[in-house]
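User: Please take me through the assignments made for this model, setting each value against the criterion behind it.

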Amino acid sequence: MAKRVHQPREDAEFDFILRMSGTPVLAYFTGTWPKAIEPCRVMDLVVGGIADEYAGRLTAVRTDITRCPATTERFGITGAPSCVLLKEGEAVAHRAGPLTTVELREFLEGHV
């Protein structure tokens, strides 16, 4: 995974990253149950590449649903992988399911 992708260990750390980010935040939610593992691994690669490509314009945060349950609930996440784009702490776009690099670029278009 790219070094530019933050991985909070708890809800408070996610909130700190969100407050400190001077750019839009791409929060992508991952899970560790059997049906989520492979799609989430694919998203790790996709988001890692996007984080490098959008360096300085986007903050990427890999959010484990189990470690950040309050954050997961706050953004209405019901499955993994899921992406939420946040601007100034507010969700401006949401997408559930794995995305290709092209789809993720389209998801970010007009926001970043």
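**Charged pairs, cores and backbone**

Analyst: The side chains of Asp44 and Arg62 meet in a salt bridge, with N and O 2.8 Å apart. The model is a predicted one.

User: What makes the contact of Asp44 and Arg62 a salt bridge?

Analyst: The criterion is a side-chain nitrogen of Lys or Arg within 4 Å of a carboxyl oxygen of Asp or Glu. The N to O value for Asp44 and Arg62 is 2.8 Å, so the pair meets the criterion. Asp44 lies in helix H2 and Arg62 in strand S3, so the salt bridge ties together parts that are 18 residues apart in sequence.

User: Why are Asp44 and Arg62 called buried?

Analyst: Buried means under 20% relative accessible area. Asp44 has 12% and Arg62 has 19%, so both count as buried.

User: Why is Asp15 called partly exposed?

Analyst: The relative accessibility of Asp15 is 22%. Partly exposed covers values between the 20% limit for buried and the 50% limit for exposed, so Asp15 belongs there. Arg74, at 45%, is also partly exposed. The side chains of Asp15 and Arg74 form a salt bridge at 2.9 Å, N to O. This pair links distant parts of the chain, with Asp15 in helix H1 and Arg74 in helix H3, 59 residues apart.

User: How do you know that Arg4 and Asp52 form a salt bridge?

Analyst: Their closest N and O atoms are 3.5 Å apart, and the limit is 4 Å, so the pair qualifies. Arg4 lies in the segment before strand S1 and Asp52 in helix H2, so parts 48 residues apart in sequence are tied together. Arg4, at 47%, and Asp52, at 42%, are both partly exposed. The structure holds six salt bridges, these pairs among them.

User: Why is Asp64 said to have no salt bridge?

Analyst: The nearest side chain of opposite charge, Arg67, is 4.7 Å away. A salt bridge requires the atoms to be within 4 Å, so Arg67 does not qualify. Asp64 is buried and is found in strand S3. Its side chain reaches the backbone nitrogen of Thr66 at 2.7 Å. Beyond neighbours within four places in sequence, Asp64 is in contact with Thr30 and Thr32.

User: Which residues touch the most other members of the largest nonpolar core?

Analyst: Of its 18 residues, these are Leu26, Val47, Cys83, Leu104, Phe107 and Leu108. Strand S2, helix H2, strand S4 and helix H4 each supply at least two residues, and H2 gives the most, with five. Leu104 touches Leu26, Val46, Val47, Ile50, Cys83 and Leu99, not counting residues up to four places away in sequence. A second, separate core of 15 residues includes Val25, Ala36, Ile77 and Ala80.

User: What makes the peptide bond from Ala80 to Pro81 cis?

Analyst: Its omega is near 0 degrees. Pro81 is placed in the loop between helix H3 and S4. Most peptide bonds are trans.

User: Why is Glu88 called exposed?

Analyst: Its relative accessible area is 83%, and exposed means over 50%, so the term applies. Glu88 lies in the loop between S4 and strand S5 and has a positive phi of about 50 degrees although it is not a glycine.

User: How do you know that S4 and S5 pair?

Analyst: Pairing requires at least two bridges. Six join these antiparallel strands, so S4 and S5 count as paired. Lys87 stands opposite Glu90 in S5, and the hairpin has two residues between the strands.

Terms used: Residues numbered from 1 in each chain as written. Predicted model: local features only at pLDDT ≥ 70, side-chain atom pairs only at ≥ 80, totals over all residues. Heavy atoms only, no water. Helix = DSSP H or I, 4+ residues; strand = E, 2+ residues; numbered from the N terminus. Buried < 20%, exposed > 50% of the residue type's maximum accessible area, 1.4 Å probe, protein only. Lys, Arg positive; Asp, Glu negative; His and termini not counted. Polar contact = N/O pair within 3.5 Å; in protein donor to acceptor, adjacent residues only side chain to side chain. Contact = heavy atoms within 4.5 Å. Core = buried A, V, L, I, M, F, W, Y, C linked by side-chain atoms within 4.5 Å.
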